[in-house]
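Colleague: I'm new to this one, so could you show it to me and let me ask a few things?

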Number of protein chains: 2
Amino acid sequence: MPIRVVGFDGDDTLWHSESHFEVTQTAFRDLIRRHVPDADADTRLAEMEMKNLSVYGYGVKSFTLSMLETAIELTEGRIPASDLEVILNWGKKMLLEPTELLDGVESTLRELSQSYDLLLITKGDLFDQESKLARSGLGDLFLGVEIVSEKNVDSYRGIFTRRGIDAEQFVMVGNSLRSDVLPVLELGARAVHIPYHVTWHHEHVPEESMPASGWHRLSSISELEPLLSRLDES
Amino acid sequence: MPIRVVGFDGDDTLWHSESHFEVTQTAFRDLIRRHVPDADADTRLAEMEMKNLSVYGYGVKSFTLSMLETAIELTEGRIPASDLEVILNWGKKMLLEPTELLDGVESTLRELSQSYDLLLITKGDLFDQESKLARSGLGDLFLGVEIVSEKNVDSYRGIFTRRGIDAEQFVMVGNSLRSDVLPVLELGARAVHIPYHVTWHHEHVPEESMPASGWHRLSSISELEPLLSRLDES
């Protein structure tokens, strides 16, 4: 069946995100080490994020709250409030950062929007994601925007039902095997994996557990249009 | 035109919310006064929330981050990290609190769901709102759920378009004149205002600026079914 709808992940597929988290996390590590020289700030922060995921969900505000809690815990309450204020300000800075598009995104979306319905399907904080999309200037190229709290089989199924999409007409494009590829394949749709140079540990899926077919891997979004044309011809 | 779709606000219309914020805010005031006896914690927190609204959006995580920032500022950085940890824990407690329905909500929704399509239209943090709805046990009574970052004419218009709703067939029910009544009237739909005993200052609208018709005020959701029946007959 010909492709009718192409879904795009936002963070690290259309615009840089994880690299901003990494920059902040490096600064966090340095700040903690000034108080506790042998602290393993990265491991503790990762554990805290996982522990808090079911209470806070994804996003920069959740990340900021987890950094604060980790800092207090690792310093056993000795960290001065002024340093915690520094962490609060990192969070704000991340939220206000300009949306920095990946190479080739704008031209690819413009071209594909001529032939397909484009959907932005992204998870995380509603307010933050809407604000990033608004600042990206790409809003008009999408027929619709779906911001979900978790990308799984149920949430994709809900989108297909609400929008009357036949799974066979749908291709999802994203950087996460766990969120953008696996659940979509399970519903009988196709997927394109475009890895980003950093993957959040939480999104990692061992390669050998991936289905053999139904998905493709590209090294850049610029290769997407030729791939979709090929799929449409076959 | 007969009513086909009834939209419901969530916070302080179906379940208690603002009263949980008030409890936390009282504790916050007491905590700050232990460090700065003459501090006007309420005013400063309200100002901080407004200042941060365009960066953080609505919700408990935003409120928690604003409490932390206010505490550091009012104590000029002298507040110990252990007290800031107390504030972090208040935020988590609020997020984990059971969803406490207002009187008459469940029976009213059950009855109305026999005659109308019910939509939950709520603003705030996506993850928190979904989690509250899940814990409310009301999920199955709604045909759909719309969580928006701001309730204004544009967001209601978007919902009408996406769901093929004619404004004249739609009635919105909620506790906020600003978010649940005014934008809906502007689109030619009707609204029912059910005030909650506390209104967040940000939602306040002077009574004299309200349109003369198109909306009704009830003192309890239990009066809703008779009102809708009357509207449907006239």
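Modeller: Sure, one term up front: a residue is buried if 20 or more other C-beta atoms lie within 10 Å of its own, exposed if 12 or fewer, and partly exposed in between, with C-beta atoms placed from the backbone. This is a predicted model, where local features need pLDDT of at least 70, side-chain atom pairs count only at pLDDT 80 or more, and totals for chains, interfaces and linings use all residues. Residues are numbered from 1 along each chain as its sequence is written, while chains are lettered from A and ligands numbered from 1 in the order in which they are written.

Colleague: As what does B:His193 count, given its C-beta neighbours inside 10 Å?

Modeller: B:His193 is in strand S5 of chain B; strands (E, at least two residues) and helices (H or I, at least four) are DSSP runs, numbered from the N terminus. It has 18 C-beta neighbours inside 10 Å, so B:His193 counts as partly exposed.

Colleague: Which residues does B:His193 touch, leaving out those up to four places away in sequence?

Modeller: Touching here means contact, that is, C-beta atoms placed from the backbone that lie within 7 Å. With residues up to four places away in sequence left out, the partners of B:His193 are B:Leu177, B:Val181, B:Trp215 and B:Arg217.

Colleague: Which residues of helix H8 of chain B are buried?

Modeller: H8(B) spans residues 177-186. Its cover includes strands S2 (117-123), S4 (170-174), S5 (190-193) and S6 (215-217) and helix H7 (153-163) of chain B. The buried ones are B:Leu177, B:Ser179, B:Asp180, B:Val181, B:Pro183 and B:Val184.

Colleague: Why is H3(A) called roughly antiparallel to H4(A)?

Modeller: Axes are lines fitted to C-alpha atoms, for helices over the stretch in contact, and angles run from 0 to 180 degrees between N-to-C directions. Angles under 35 degrees count as roughly parallel, over 145 as roughly antiparallel, 65 to 115 as roughly perpendicular and the rest as oblique. H3(A), residues 60-74, packs on H4(A) with the axes 9 Å apart, at an angle of about 165 degrees. That angle makes the pair roughly antiparallel.

Colleague: How is H4(A) placed against H3(B): what does their angle make it?

Modeller: These two helices, residues 81-96 of chain A and 60-74 of chain B, have axes that come within 10 Å and cross at roughly 140 degrees. The contact is made by A:Ala81, A:Leu84, A:Glu85 and A:Leu88 on one side and B:Leu65, B:Leu68, B:Glu69 and B:Ile72 on the other. The crossing angle makes H4(A) oblique to H3(B).

Colleague: Which helix gives the most to the side of chain B that touches chain A?

Modeller: The contact takes 29 residues from chain B and 28 residues from chain A. On the chain B side, H2 (41-56), H3, H4 (81-96) and H6 (126-136) each supply at least two residues. With eight residues, the one that gives the most is H4(B).

Colleague: And what relation do the two copies have?

Modeller: Copies are superposed by least squares on the C-alpha atoms of residues with pLDDT of at least 70 in both. Chain B lands on chain A after a rotation of 180 degrees with 0.0 Å of shift along its axis, at an RMSD of 0.0 Å. The relation is therefore that of a two-fold axis.

How values were computed
Two residues are in contact if their C-beta atoms, placed from the backbone, lie within 7 Å.
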